[in-house]
Every structure is written in C-alpha cells, then in structure tokens.
Amino acid sequence: MNIKEELMHALENKTAFEIPLFGGIPVPESAVASWILIAGVTLVAIWLTHNMKKVPGRKQMVAETLVGFMNNFCKEHLGHHWRTYAPILGTMGIYLVLANLSEFVGIKPPTKDLNVTAGMAVISTVLVYGSSFMVKGLKGGLKKFAEPSPIVAPLNILEIGIRPLSLCMRLFGNVFASFVIMELVKIIAPAIVPIPLSLYFDAFDGIIQAVVFVFLTTLFLSEAIE
C-alpha cells in the first residue's frame with residue numbers, strides 16, 4: 001500500500017455498524033467515538049461529584065475548580081445571564097477538548113468528521129439566535145437584525161448562515177489538517193515519530209481549537225443578548 005492509499009484509508013470515516021431499521025441505518029465511527037467520550041465524561045462527573053462535602057476533598061476540588069473557571073468566564077462575558085449558559089458552554093468545551101485529544105487513547109478524533117463539526121456549529125447558532133428571542137422577545141429579536149442601521153439588515157440576516165459555516169470550517173479544518181500531518185509522519189517515519197510534533201498537532205492545537213470555538217460562541221451570544 002503506497003502513502004496515498006494509507007492516508008486515504010486513515011482518513012476514511014468508516015461505518016461502525018448498522019441499526020436494523022428502515023433498511024439499515026449506518027452509524028459512523030465518529031458517532032460511536034462521541035458516545036464513548038460522552039459516557040466517559042458522565043461517569044467521571046458522577047465520580048467527582050459523588051458524596052460532596054462542605055470541606056472538599058481532592059476530587060471535589062477538581063470538580064469545583066472546573067465549574068468555577070467556567071462560571072467566572074461566563075460571568076465576565078455574559079453578565080447576569082451567566083448562570084443560564086455556563087452549563088452548556090462548559091459541556092461544549094469539555095466535549096471538544098476530549099474529542100480533539102482522543103487520538104492519544106487510540107480513538108480517531110470525531111471532530112475530523114465534517115458532520116460532527118457542522119452539528120456543533122448548528123447547536124451554537126441555535127443557542128445564539130434562540131437566546132436572542134428568548135431574552136428580547138420576538139420584536140426585540142427581529143429588531144436586532146436591523147442594528148445599528150436597517151441598511152445592514154441583509155448582512156445581519158446572512159450572518160445566520162455565515163457564522164455556523166465559519167465555526168464549522170475553522171474547527172474541522174484545523175483538526176483535519178493536524179490529523180493528516182500526523183498520519184503522514186507516522187507513515188513516513190513510523191519508528192521515529194517526533195513526540196514534539198504530536199504534542200503540538202494533537203494536543204496543543206486541539207485544545208486551542210476547542211477554546212476558540214467556545215470563546216466565539218460566547219462572544220456571539222453576548223452580542224445577541226446584550
């Protein structure tokens with residue numbers, strides 16, 4: 001198998017299994033990987049928050065530190081609305097970090113599948129525009145599209161499609177490119193894969209992309225409900 005064939009094989013998003021309904025519903029590997037990550041996070045969250053006490057132990061301190069960090073971040077950018085959005089933004093951040101780092105435990109990053117990043121972008125967009133109508137009402141939400149002037153209303157309407165596309169392609173492009181680079185390195189030099197490259201492309205870049213996604217979603221949300 002030549003380099004091109006090996007790379008295409010590694011990039012292929014295979015079907016893990018089929019659900020025997022309606023002629024067979026294919027379930028891709030990226031969905032199974034996401035389910036594994038979600039189950040893992042759920043079990044860890046239950047373990048960290050089990051039997052909580054007024055005087056926290058080590059595991060409780062870990063949980064409180066993570067929650068406190070996300071709460072403070074949301075307080076800074078969303079004002080008094082922070083309590084409503086901190087849980088979902090924190091969940092998005094945890095999922096994306098783990099999804100981007102899943103290569104270290106032998107799981108192909110689900111975020112290298114365009115369908116996954118598109119789904120995350122749609123969730124982000126629904127959250128932003130749904131919150132605008134929830135906070136400002138129907139009239140206030142529609143009026144937001146005419147700010148700062150009715151002349152720019154068409155551009156504001158276009159943003160409904162541009163923002164999720166931007167979020168989707170930024171996340172997918174970076175994760176996909178990092179995956180391709182590391183697969184090429186593994187194919188060309190399997191015995192001497194440079195650890196620094198893996199730490200950068202798999203770890204550092206993955207964490208950065210998760211932070212950027214959540215940060216941009218929070219900024220869009222802040223604009224929508226300000």
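**View 1. Helix 2 passes helix 4 in a right-handed crossing.** Right-handed here is a matter of turning: the near helix is turned clockwise from the far one by less than a right angle, while an anticlockwise turn would be left-handed. Helices are DSSP runs of H or I with at least four residues, strands are E runs of at least two, and both are numbered from the N terminus. This is a predicted model, where local features need pLDDT of at least 70, side-chain atom pairs count only at pLDDT 80 or more, and totals for chains, interfaces and linings use all residues. Residues are numbered from 1 along each chain as its sequence is written, and side-chain values use heavy atoms, with hydrogens and water left out.

The axes of helix 2 and helix 4 come within 10 Å and cross at roughly 125°. (Axes are lines fitted to C-alpha atoms, for helices over the stretch in contact, and angles run from 0 to 180 degrees between N-to-C directions.) So helix 2 is oblique to helix 4. Oblique is what's left over once angles under 35 degrees are called roughly parallel, over 145 roughly antiparallel, and 65 to 115 roughly perpendicular. Look for Ser 34, Leu 37 and Val 41 of helix 2 touching Ile 94, Tyr 95, Leu 98 and Ala 99 of helix 4; contact means heavy atoms within 4.5 Å. Sorted by class, these residues are six nonpolar, one polar and no charged. (Ala, Val, Leu, Ile, Met, Phe, Trp, Tyr, Cys and Pro count as nonpolar, Asp, Glu, Lys and Arg as charged, and the others, Gly among them, as polar.)

**View 2. Helix 3 also passes helix 4 in a right-handed crossing.** Helix 3 covers residues 58–78 and helix 4 residues 82–101; they pack at an angle of about 125°, with axes 9 Å apart. That makes helix 3 oblique to helix 4. On the helix 3 side you'll find Met 70, Asn 71, Cys 74, Lys 75 and Leu 78, and they meet Trp 82, Tyr 85, Ala 86, Leu 89 and Gly 90 of helix 4. The tally for this contact is seven nonpolar, two polar and one charged residues.

**View 3. Helix 2 (residues 29–49) meets helix 3 with axes within 8 Å.** The two cross at roughly 120°, so helix 2 is oblique to helix 3. Trp 47, Leu 48 and Thr 49 come from helix 2, and Lys 59, Gln 60, Val 62 and Ala 63 from helix 3. That gives four nonpolar, two polar and one charged residues.

**View 4. Asn 51 sits in the loop between helix 2 and helix 3.** Asn 51 isn't a glycine, yet its phi is positive, at about 60°. With a relative accessible area of 53%, Asn 51 is exposed (exposed means over 50%, buried under 20% and partly exposed in between, using a 1.4 Å probe and protein chains only).

**View 5. Asn 13 lies in the loop between helix 1 (3–11) and strand 1 (15–19).** Asn 13 is partly exposed, at 32% relative accessibility. Leaving aside neighbours within four places in sequence, Asn 13 touches Pro 28, Glu 29, Ser 30 and Asp 113. Its C-alpha is 8.8 Å from that of Lys 112, though the two residues are 99 apart along the chain.

**View 6. Cys 74 and Cys 168 are buried, at 0% and 5% relative accessibility.** How many disulfides are there? The count is zero, where a disulfide is a pair of cysteine sulfur atoms within 2.5 Å.
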